[in-house]
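Reader: I am new to this structure. Please pick one part and look at it closely, then show me what lies around it.

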Amino acid sequence: MINALLFSGILLIISVLSSKLLYRFGIPTLLIFISLGMLLGSDGIGGIYFDNYEIAQQLSTLSLVFIMFYGGFGFNWKTGKPVAAQSILLATFGVAITAFLVGAFATIIFKTSLMEGMLLGAVISSTDAASVFSILRSKNLNLKGGLASMLEMESGSNDPMSYMLTIIVLAFMKSSGQISVIELLSKQIFFGLAVGVAVSIAAVFVFNRVKISIEGLYPIFTIGIVLTGYALSELLSGNGLLCVYVIGIIMGNTTLIHKRSLVHFFDGMSWLMQIILFFTLGLLVFPSQLPPVFFEGFLVSIFLVLIARPIAVFSVLSWFKVPIKQQLLVSWVGLRGAASIVFATYALTSNLPFANTIFNMVFFICLVSILIQGTLIPFIAKKLDLVEQSVSVYKTFNDYQDE
């Protein structure tokens, strides 16, 4: 017990101090957390053997629940409202287009079955909010045309769509096609939204009408709200991640007592969940199994960045007459990250014969995306002349405080 506590304490200290260095250079902190997991894993110097996919999936999903909630809670609806339609369409139709294109590409190039290709496409179709936020904040990189708010809302809300597509493809494969996709899709969206709205309205009412003597209990009460909303939505076959994101947006953009302390608490909790999530995923992967998927993973990465993502973005934003330069930047800022790796574990727990290959390929694609796309975002934004110098990017977040 003492050894475990000592290990956990040192790990957290290293994670925080190391993240400061990466944050300064605009490199997503996901990289250090996931690298620590790989370094301490069975193929690294730590020698910790961990291959329990069920525990990894449950732990990662729980972490993702609170990350999603804070993503909604920290989103400033006032600044995001003008680009809400574009963001929502990118987070839904854009994700679906990306998933289909990647799935078709994998099926044709790698000669996989259609469902195997579509599973890869579904898993890798969402963008990573944590990486996008980290780069925008660390470089104080506000973008012209409301792009910072658009990217924040899109990347913060497209995980539910990717999760939904992953669940549908897996259900289709398990039942050999004997399921109603329309019914499953309708339940996911309807109950995810309905439970999210109902729970958040009830929560706001209780927050502002029932006075709790101890201020420190309000964050605990909010944790209970998030867990209740997620579990209730899942029990009704709804989309739990969509539910907690909706709860976060409604609560985050409503007047609440002790809201400032809630922002600070869940900011810290979100970071803790990210460390747990990324470290667990890093521990789960076996680096020695990555070389066999380098070629396939690199091809998918190139196709994703240069073809699939731009087609998805232009298919949506062209209808809003968004300038070409802005569409090019949105196309580039399609970082893949932790959520995609988490969704890949669903294939592992389903005991599919090709699941390990998909997991390793997705892991490799995410690393390439973070290292190349993430690092070049500030450079490309400046080259396209889309950096807004006069307004702080922090104003797009709810935790912004005037001087």
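Author: Start with the word helix: helices here are DSSP runs (H or I, at least four residues; strands are E, at least two), numbered from the N terminus. By that count, Arg 209 lies in helix 10, residues 181–209. This is a predicted model, where local features need pLDDT of at least 70, side-chain atom pairs count only at pLDDT 80 or more, and totals for chains, interfaces and linings use all residues. Residues are numbered from 1 along each chain as its sequence is written, and side-chain values use heavy atoms, with hydrogens and water left out.

How far can the model be trusted? The mean pLDDT (the predictor's confidence in each residue, from 0 to 100) is 85. Of the residues, 92% reach 70 or more. Over residues 398–403, pLDDT stays under 50. The model has 13 contacts beyond four places in sequence for residues 398–403. Where pLDDT is low, predicted coordinates should not be read in detail.

The close look goes to Thr 127. Thr 127 sits in the loop between helix 6 (114–123) and helix 7 (129–138). Thr 127 counts as buried because its relative accessible area is 2%; buried means under 20%, exposed over 50%, partly exposed in between (1.4 Å probe, protein chains only). One polar contact joins the side chain of Thr 127 to that of Asn 158, at 2.7 Å. Such a contact is a pair of N or O atoms within 3.5 Å; within protein, one must be able to donate a hydrogen and the other to accept it, and residues adjacent in sequence count only if both atoms are side-chain atoms.

Now for the neighbours of Thr 127. Contact means heavy atoms within 4.5 Å. Beyond four places in sequence, Thr 127 is in contact with Glu 154, Ser 155, Asn 158 and Asp 159. Arg 309, Gly 334, Leu 335 and Arg 336 are also in contact with Thr 127.

Follow the trail to Leu 335. Leu 335 is in the loop between helix 15 and helix 16 (338–349). At 0% relative accessible area, Leu 335 is buried. Its contacts beyond four places in sequence include Ser 126, Thr 127, Asp 128, Ser 131, Val 132 and Ile 135. Leu 335 also touches Ser 369, Gln 373, Gly 374 and Ile 377. Ala 194 is 141 residues from Leu 335 along the chain, and their C-alpha atoms are separated by 29 Å.

Another contact of Thr 127, Asp 159, leads to Phe 343. Again leaving out residues up to four places away, Phe 343 touches Leu 64, Val 123, Ser 126, Asp 159, Ser 162, Tyr 163, Thr 166 and Leu 241. Phe 343 is also one of the residues that touch the most other members of the largest nonpolar core, along with Leu 119, Met 251 and Val 362. That core has 99 residues; a nonpolar core is a set of buried Ala, Val, Leu, Ile, Met, Phe, Trp, Tyr and Cys residues joined through side-chain atoms within 4.5 Å. Helix 13 (residues 259–284) gives the most to this core: twelve residues. There is a second, separate core of 27 residues, with Leu 317, Val 322, Leu 329 and Val 330 among them.

Met 251 brings in Thr 222. Thr 222 is found in helix 11 and is buried, at 1% relative accessibility. Beyond four places in sequence, Thr 222 touches Phe 69, Phe 207, Met 251, Leu 262 and Phe 266.

Arg 309 points to helix 14 (residues 294–317). At 1.5 Å times one less than the number of residues, its 24 residues should span 34 Å; the end C-alpha atoms are 32 Å apart, which agrees. Helix 14 has a kink of about 50 degrees centred on Leu 304. The bend at a residue is the angle between axes fitted to the seven residues ending there and the seven starting there.

The next loop holds Lys 321, between helix 14 and helix 15 (324–332). Lys 321 is not a glycine, yet its phi is positive, about 55 degrees. Lys 321 is exposed, at 75% relative accessible area.

Ser 237 offers another positive phi, near 70 degrees. Ser 237 lies in the loop between helix 11 (217–235) and helix 12 (240–252). At 34%, Ser 237 counts as partly exposed.

Back to Arg 209. Arg 209 is exposed, at 62% relative accessibility. Ile 257 is 48 residues away in sequence, but 9.8 Å away in space, C-alpha to C-alpha.
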